[in-house]
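Good morning, colleagues. Please have the sequence and the three-dimensional view open while I speak, and keep your comments for the end.

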Amino acid sequence: SVSWSTTFSSIGLTLSSTANLSQNMRDSSIAMTLPDLNISLSRFYPFRRKHAAGKERWYEKISMSYTGQLSNSISTKEDQLANSNLIKDWRNGMQHSIPISGSFTLFDIINVNPSFNFTDRMYTNKITRSWDEAAQKERVDTIYGFNNVYNWNLSLSASTKLYGFYVPNRKLFGDKVVAIRHVLTPQVSFSYAPDFSASRYGYYDSYLKTDADGNVSLVEYSPYQNSLYGVPGKGKTGSISWDISNNIEMKIRSDKDTTGYRKISIIDELGAA
């Protein structure tokens, strides 16, 4: 096993790679991974000006990062390794993950945080399945070629802060209590991901199975279910949530503090969702 890594700090890029070889002398079997590569690019702002002048533009607040994985492996016999085919005999694939996010302020009071996550998988084959009624068994065929399997999801949250101040009646609270502050923080969140099992994506398929008694059933499968980085899940997802948190503080006079005042928390993060 050999490992290697390097970092380009000026651009936030990290590369790491591993090569593995395992050999059994008894039966001449070999398991090899060459390479297992990882690429990581830390968060950066693609639209930010190198020489900023004036107020920051809204699109300059958009950030993104990147993570990539590449793997190529094989399990075979020693005498077959040299004649192995990279596409047909090796198990390989590549995956890219790109999260994009931003932080904006609307009307100087509302904080908006959108995010978009994209994952892409690249495979060199897919496996189709069908039912052989005469032989009463499943037929499996491997189709070689470039296959792109991706999925994405997005989310959006918005929040603001509302402040309320109350100066209590001295007859009820005395001279020690200066003021009471109430901070109300409402937040709304939204998330969505489409159904990647829909036929237009081609990530899932099915066939009719007729058994010896003539019973017919539908068998669903994915041509990429055994691939290196899997396949997107089934079903559309979406949610809307809201939350309101409350903080109440009291400011009192204090001889023990150098400022002459001290803050006391009455309610800390009392929320409703």
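Strand β7 supplies 4 residues to the lining of the largest pocket, and that is the largest share. I should state at once that we are looking at a predicted model. The volume of the largest pocket is about 250 Å³. Its lining comprises 18 residues, and those closest to the centre are R91, N125, I127, N226 and S227. Three elements give two or more residues to this lining: β5, covering 91–101, β7, covering 110–132, and β8, covering 137–159. By chemical class, the lining of the largest pocket holds 8 nonpolar, 7 polar and 3 charged residues.

Let me turn to the second largest pocket. It encloses about 180 Å³ of space. Which residues line the second largest pocket? They are K55, E56, R57, W58, K61, F104, T105 and D108. In this lining, 5 residues are charged, 2 are nonpolar and 1 is polar.

K55 brings me to a residue that touches it, namely E60. E60 sits in the loop that runs between β3, residues 29–44, and β4, residues 63–77. Is E60 buried or exposed? Its relative accessibility is 2%, so E60 counts as buried, the cut-off being under 20%. The side chain of E60 makes a polar contact of 2.8 Å with the side chain of R49. Setting aside residues up to four places away in sequence, E60 touches Y45, F47, R48, R49 and K55.

In strand β4 we find G68. With a relative accessible area of 1%, G68 is buried as well. Which residues does G68 touch, not counting those up to four places away in sequence? The answer is L37, N38, I39 and Q95. For L37 there is also a C-alpha distance: G68 and L37 are 31 residues apart along the chain, and their C-alpha atoms are separated by 8.1 Å.

I now return to strand β8, where N151 is located. N151 has a relative accessibility of 15% and therefore falls in the buried class. Its side chain is joined to that of R121 by a polar contact of 2.8 Å. Beyond the neighbours within four places in sequence, the contacts of N151 are N117, F118, T119, R121, F196 and P232.

The next two residues belong together, since each appears in the contact list of the other. Y192 lies in strand β10, which covers residues 177–193, and T237 lies in strand β13, which covers residues 237–253. Y192 is partly exposed, at 29% relative accessible area. T237 is also partly exposed, at 46%. Leaving out neighbours within four places in sequence, Y192 is in contact with W152, N153, L154, K236, T237 and G238. On the same basis, T237 is in contact with S191, Y192 and A193. How far apart are the C-alpha atoms of Y192 and G238? They are separated by 4.2 Å, although the two residues are 46 residues apart along the chain. T237 and N153, in turn, are 84 residues apart in sequence, with a C-alpha to C-alpha distance of 9.0 Å.

Finally, I come to the chain as a whole. The protein has 2 helices and 14 strands. Why is it described as more spread out than a compact globule? Its radius of gyration is 30 Å, whereas the globule rule gives 19 Å for 273 residues; the value is well over that figure, so the protein is more spread out than a compact globule. The C-alpha trace spans about 95 × 55 × 45 Å along its principal axes. Of the 273 residues, 25% are buried. Among contacts with a separation of 6 or more, 57% are between residues 24 or more positions apart. The pairs Y192 with G238, 46 residues apart, and G68 with L37, 31 residues apart, are examples to find in the view.

Thank you. I would be glad to take comments.

Conventions: Residues are numbered from 1 along each chain as its sequence is written. This is a predicted model: local features need pLDDT of at least 70, side-chain atom pairs count only at pLDDT 80 or more; totals for chains, interfaces and linings use all residues. Side-chain values use heavy atoms; hydrogens and water are left out. On a 1 Å grid over the protein atoms alone, a cavity is a set of points where a 1.4 Å probe fits but cannot get out, and a pocket is an open set with protein on both sides within 12 Å along at least five of seven lines; lining residues have an atom within 4 Å of a point. Grid points are joined across faces, edges and corners, and a volume is the space filled by probe spheres set on the points. Ala, Val, Leu, Ile, Met, Phe, Trp, Tyr, Cys and Pro count as nonpolar, Asp, Glu, Lys and Arg as charged, and the others, Gly among them, as polar. Buried means under 20% relative accessible area, exposed over 50%, partly exposed in between (1.4 Å probe, protein chains only). A polar contact is a pair of N or O atoms within 3.5 Å; within protein, one must be able to donate a hydrogen and the other to accept it, and residues adjacent in sequence count only if both atoms are side-chain atoms. Contact means heavy atoms within 4.5 Å. The radius of gyration is taken over C-alpha atoms; the globule rule is 2.2 Å times the number of residues to the power 0.38.
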